[in-house]
Amino acid sequence: MTRVKFEELNKDLFEKCMEIAQKCLDDAKMAKSDVHDVVLVGGSSRIPKVQSLLQGFFEGKDLCNSINPDEAVAYGAAVQAALLSEEYSIVPNLVLVDVTPLSLGIATKGDLMSVVIPKNTVIPVKMGAVFATIEDNQSTASFPVYEGERTKAKENNLLGKFKLSGLPLAPRGYPMNVSFELDFDGILKVSAEDETTGSKNGITITNEKGRLSSAEIKRMIEEAALFREEDKKFKKMVEAKNALDEYIYRMEKAMKDSDVSSKVSPSEKQRIMASLREGKRLLRSEEQHTEASVFEDFIKKLQKICQVIVINKRKATKDAGVIAGLNVIRIINEPTAAALAYGLQKRDKCSGKRNVFIFDLGGGTFDVSLVTIENEVFEVKATAGDTHLGGEDFDNRMVSHLVQEFKRKNRVDITRDPRALRRLRNECEKAKRTLSHANETTIEIDALFKGIDFRFSITRARFEELNRDLFVKCMEIAQKCLDDAKMQKREIDDVVLVGGSSRIPKVQSLLHNFFEGKDLCKSINPDEAVAYGAAIQAALLSESYSIVPNMVLVDVTPLSLGIAIRGDLMSVVIPRNTAIPVKMGSVFVTIEDYQSAAAFPVYEGERSKASENNLLGLFSLSGLPLVPRGHPINVSFELDFDGILKVCAVDETTGNKNGITITNEKGRLSSAEIKRMIEEAAVFKEEDKKFKKMIKAKNALDYYVYRMEKALKDFDVSSMISPSEKQRINAALREGKSLIQSEHQTEASVFENYLKKLQNIYHPIVINEVHGYSDEETYD
């Protein structure tokens, strides 16, 4: 047998090895280029074809095979034994790193698995999470500990459970700190603590107690992959159910507040309480609701009813300013303020149109915005960000690393000593700042824990490695902002750094490469840019400051604004990311003959189905002339600097008009809710396209049926059609109307095919006589 024949016989097995290698990279969220060394272990790794494929897979990287592959495992075990023995001081300072084979977590409300330590986390490791009580005055909390990859906790492996008692009698949502600690030997310690009372309890799970074998772990991972879509659906349903439960709880609590309930009329109060009771019945229902939409639809219904008691954050901010003795002229977000600050710095250098990218990486949040400057006017084209990404996260990574180093060197754990952790965190923050201008720094803390001094040198390279995934995430968000603005990297003229963490050299290096070598603008102190811009905006709005240059700041609409039309289709009037202030209009038509009034539901959102968006308000226009359907009504949307929206409908024939004014205090969404809606729109993009196509096809068929019925009532047309042909046409039209009224059809092709069928019946008979009717098939 030749080597070629042997390789041919095993070709599929060799390729499977490469597929598994790719899966390992995917799990680690790494690219091939991120791998520094490739080590061969096991006798079969000697096969030339395997080595050739592996070298090709890693783009020509040399393979490390200096250790006998049959002895590598025993060799490593001997090294590890020597490392753990104080007698062998000649052993090089190596650390063997293993990973968690399955995720570890707690079962939360609704049997949802809340992961604390994800799969493939390097061990030893200690991680924590905050869990909350789910009932008012709850004195005891239960913590079932699971390992596995399924979303439904009971589908995973139960390792054990314990309770934490002696909780204070407080409203639901009372926090409890839970920590998971997994050591080198796979021993898991889970503990829960109430910081207020000092109560604590926990459980220790050894490898002999309920843990799975390698074969069982492999089976669970395969099952998780098999049921991935089902698990996503389950998670979405439980989250929707819990969101409804939380909303009902908050609304009930608000209604018990005399300051809130006193402003609600008795009839509104009765309506709200009846709806809340209905929601609680839905939550307790024995019927198995597996669709998230059941709970999502009901929460939307509740939100519409309970709008009267929802307190808007923007209004609360204004009120707080007034209480503090400030004159709140306008509220602007941080990236917008930074854009204005930069505009002042660069205004003399602007020639024509400039696109400026604002990169704001602070202590706890990350925001990016894309601003266009033209003729001294600033227009925010798009924004993106992460409210849980910043300098604190970088500090946390360093703290976790040094805690493990201290434990490795001194065999003691400092995580239970808040004072020691606080001192270590302060030093890590100082080290982070030092590493922005130095390649290495030393952390020295006297008597950190139990009289033990701690000294550790950390390099900039090590700091960057600890936070590599977070830095990459910043670039991903920057890309998303460009995508939203529909711009290419090469179209950006300036990149501005804002926020203290934007000083980190690796962040600047990645950003420099991301924008293909563009120089970064950092002439403004990044810690002062936001206050700088806010001061400029205040000066611009004040008549007493004539020395401020004549600049105008233009913000954008975070969501599209429009009207729900026939078939629950969202007809957008002002698209998302339109510069404000803005006034736009559209023409809508009546949908019934002799319609005397028309309703206008106003929505904001990106979904094609209007009811999936946020209802801002509803108004009607009465006194329309009694004419056939299709009578035009002009509708205008006007949005000012402060986000106040005025919607007006006018019938030019009679002069009748009506409208609605929607303020930021009335039903508008928070930044987090806006972000959620944009993400949902992206997830359901294909589904929404399908829905829009179906409604348009359905409306086109309805319009055609209407025109044909009208044509048949015309004596000049109907007199030219024989009774049998007329009967055939009327039967087909009745069938068409029945199809339109059916709510079971969701495919556009059903309506498109029937429209063609009608045309094939009708056209050959009367094409010449009714050409004026049959050609008008469009509907808006």
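**Note on surface patch and salt bridges**

1. In this predicted model, a nonpolar patch on the surface is formed by Met1, Phe6 and Leu9, whose accessible area together is about 360 Å². Of these residues, Leu9 belongs to helix α1 (residues 3-9).

2. Salt bridges in the structure number 31. As a general point, side chains of opposite charge can pair when their charged atoms come close. The points below take up three such pairs and one network.

3. Arg172 and Glu246 are joined through their side chains by a salt bridge, with an N to O distance of 3.2 Å. The two residues come from distant parts of the chain, 74 residues apart: Arg172 sits in the loop between β9 (157-164) and β10 (175-182), whereas Glu246 is in helix α6 (residues 228-256).

4. The two partners of this pair may also be described by accessibility. Arg172 has a relative accessible area of 18% and is therefore buried, the cut-off for that class being under 20%. Glu246, with 31% relative accessibility, is classed as partly exposed.

5. The pair Arg172 and Glu246 is also part of a network of salt bridges, in which Lys109 and Asp245 are linked with them. The network thus includes the loop residue Arg172 and the helix α6 residue Glu246.

6. A salt bridge also connects Glu429 with Arg433, where the closest N and O atoms are 3.0 Å apart. Both residues belong to helix α13 (residues 418-434), and their spacing of four residues is about one turn of the helix. On accessibility, Glu429 is partly exposed at 28%, while Arg433 is exposed, its relative accessible area being 54%.

7. The third pair consists of Glu444 and Arg455, whose side chains form a salt bridge at 3.3 Å, N to O. Glu444 is located in strand β16 (residues 440-449) and Arg455 in strand β17 (residues 452-459), so this salt bridge ties together parts that are eleven residues apart in sequence.

8. Where do Glu444 and Arg455 fall, buried or exposed? Glu444 is exposed, at a relative accessible area of 51%, and Arg455 is exposed as well, at 53%. Both values lie in the exposed class because the cut-off for that class is over 50%.

How values were computed: Residues are numbered from 1 along each chain as its sequence is written. This is a predicted model: local features need pLDDT of at least 70, side-chain atom pairs count only at pLDDT 80 or more; totals for chains, interfaces and linings use all residues. Side-chain values use heavy atoms; hydrogens and water are left out. A salt bridge is a side-chain nitrogen of Lys or Arg within 4 Å of a carboxyl oxygen of Asp or Glu. Buried means under 20% relative accessible area, exposed over 50%, partly exposed in between (1.4 Å probe, protein chains only). Patches are made of residues with over 30% relative accessible area and no salt bridge: like charges are joined within 9 Å, nonpolar side chains (Val, Leu, Ile, Met, Phe, Trp, Tyr) within 5 Å. Accessible areas come from the Shrake-Rupley method with a 1.4 Å probe; for residues, only the protein chains shown count as cover.
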